[in-house]
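Trainee: Got a minute? I'd like to go over some side-chain contacts with you.

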Amino acid sequence: MRRLQFLAAFLLALGALSPPMVAAQLRPDYYKNICPNLESVVRGSVRRSMAQSPAAAPATLRLFFHDCAVKGCDASIMIMNPNGDDEWRNPDDQTLKPEGFYTVISAKAAVDSDPQCRNKVSCADILALAARDSVFLSGGPDYQVELGRYDGRVSTRASVVLPHGTFNLDQLNGFFSSLGLSQTDMIALSGGHTLGAASCGFFQYRVGTDPAMDPAFAAQLRGSCPGFAFLDSTPLRFDNVYYRDLRGGKGLLGSDQALYTDARSRGTVERYAADQGAFFRDFAAAMTRLGRVGVRTAADGEIRRDCRFPN
Ligand code: HEM
């Protein structure tokens, strides 16, 4: 009996200590009755954005990560404060390409053109769907997106803390564990670098100095400064070539190559390099977990009418 009492008290204490189960309120069919065609409308809009610019898909995927990693997935990254103090003006966010913002704003306009849906779908959810569609329409996995997030009202420059391309494995793990994500999640999500590019300033310091870099790749990179280089050798395809490139010493950022150099993460890189299906499954699962970070409810959020401004 005493044991049972102790167990009950322990479980109660655990409940009080652990953060609220925000994930529980998210579900894929959240808008089923509110906006039945949501998914096809967003997908159609993302397809049009991608036809307009090859930068749309990479920029949108990165935008989702930068939103979720700072104050949770609440589309706070899209807020433009009149006083200029907002997330996207932090140096770590100033390299976000405008195409990602356009993709979400266009998808929101497409959703709102249906009177039934107007101002009923959060920018945070449209961003989560647009990120998934960017992945899928680039050849990556299709997966169900959990929905029901509310938009935040606050965005400040000082709140931005993001991983840097100079990070080693411990630093990368430290950052992702602060979001409740595992090393495997981190390695799978880094596979987002199968799309897009990085400016010379992010990798130039490694060229000719980092022994982990393949010499032929280094020679090739010398020609890309000033300018940019692609994060993997098939930058428009969402595939596992990013991991195969790491195996060949062709990781562009230090934080990419570290995943292969460090023996503690190399096995997972090898697995994804050998098995694209395993990468796709783990990426989808990790995106779902990333999508649960710091989710807001009606109590502390809103459905923003214009993704750029709080209501
Ligand atoms: C693991 C830690 C990460 C670091 C250190 C990192 C760092 C960077 C850097 C330095 C760039 C180049 C930015 C530029 O030149 O403008 C970049 C680009 C990019 N990142 Fe990451 N990133 C990380 C994780 C992620 C995650 C989790 C995702 C998404 C799942 C992601 C998606 C992207 C994409 C798609 C691009 C290309 C953007 C474009 O071409 O517009 N990154 N990242």
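Mentor: Sure, and keep in mind that this is a predicted model. Let's begin with Glu270, which is partly exposed at 28% relative accessibility.

Trainee: OK, which side chain does Glu270 meet in a salt bridge?

Mentor: That would be Arg247, with 3.7 Å from N to O. Glu270 belongs to helix 11 (residues 263-274) and Arg247 to helix 9, so the salt bridge ties together parts 23 residues apart in sequence.

Trainee: And Arg247, how does it count: buried, exposed or something in between?

Mentor: Arg247 is partly exposed, with a relative accessible area of 37%.

Trainee: How many salt bridges does the count come to?

Mentor: The count is 20. Take Asp142 and Arg132: their closest N and O atoms are 3.8 Å apart. Arg132 is in helix 5, while Asp142 sits in the loop between helix 5 (123-136) and helix 6 (169-177), 10 residues apart.

Trainee: Is Arg132 buried or exposed?

Mentor: Arg132 has 3% relative accessibility, and the cut-off for buried is under 20%, so Arg132 counts as buried. Its partner Asp142 is partly exposed, at 43%.

Trainee: Which residues are joined into one network by salt bridges that share partners?

Mentor: Glu39, Arg43, Arg132, Asp133 and Asp142. Another salt bridge has Asp300 meeting Arg296, again given as N to O, at 3.7 Å. Asp300 is partly exposed, at 36% relative accessibility.

Trainee: Switching to rings. How many aromatic pairs does a search of the whole structure find?

Mentor: It finds 13. One of them is Phe238 with Phe279, a stacked pair with centres 5.6 Å apart and 5° between the planes. Phe238 lies in the loop between strand 2 (228-230) and helix 9 (241-247), and Phe279 lies in helix 12 (residues 276-290), so this pair ties together parts 41 residues apart in sequence.

Trainee: Are those two, Phe238 and Phe279, buried or exposed?

Mentor: Phe238 and Phe279 are both buried. There's also Tyr242 with Tyr243, an edge-to-face pair at 4.9 Å centre to centre and 80° between the planes. Those two tyrosines are buried as well.

Trainee: Which residues form one aromatic cluster?

Mentor: Phe238, Tyr242, Tyr243, Tyr272, Phe279, Phe280 and Phe283.

Trainee: Last one: where does the charged end of Arg266 sit?

Mentor: Over the ring of Tyr260, 4.7 Å from the ring centre.

Notes
Residues numbered from 1 in each chain as written. Predicted model: local features only at pLDDT ≥ 70, side-chain atom pairs only at ≥ 80, totals over all residues. Heavy atoms only, no water. Phe/Tyr/Trp six-rings, centres within 6.5 Å; stacked < 30°, edge-to-face > 60°. Helix = DSSP H or I, 4+ residues; strand = E, 2+ residues; numbered from the N terminus. Buried < 20%, exposed > 50% of the residue type's maximum accessible area, 1.4 Å probe, protein only. Lys NZ or Arg CZ within 6 Å of the ring centre and 35° of its normal. Salt bridge = Lys/Arg side-chain N within 4 Å of Asp/Glu carboxyl O.
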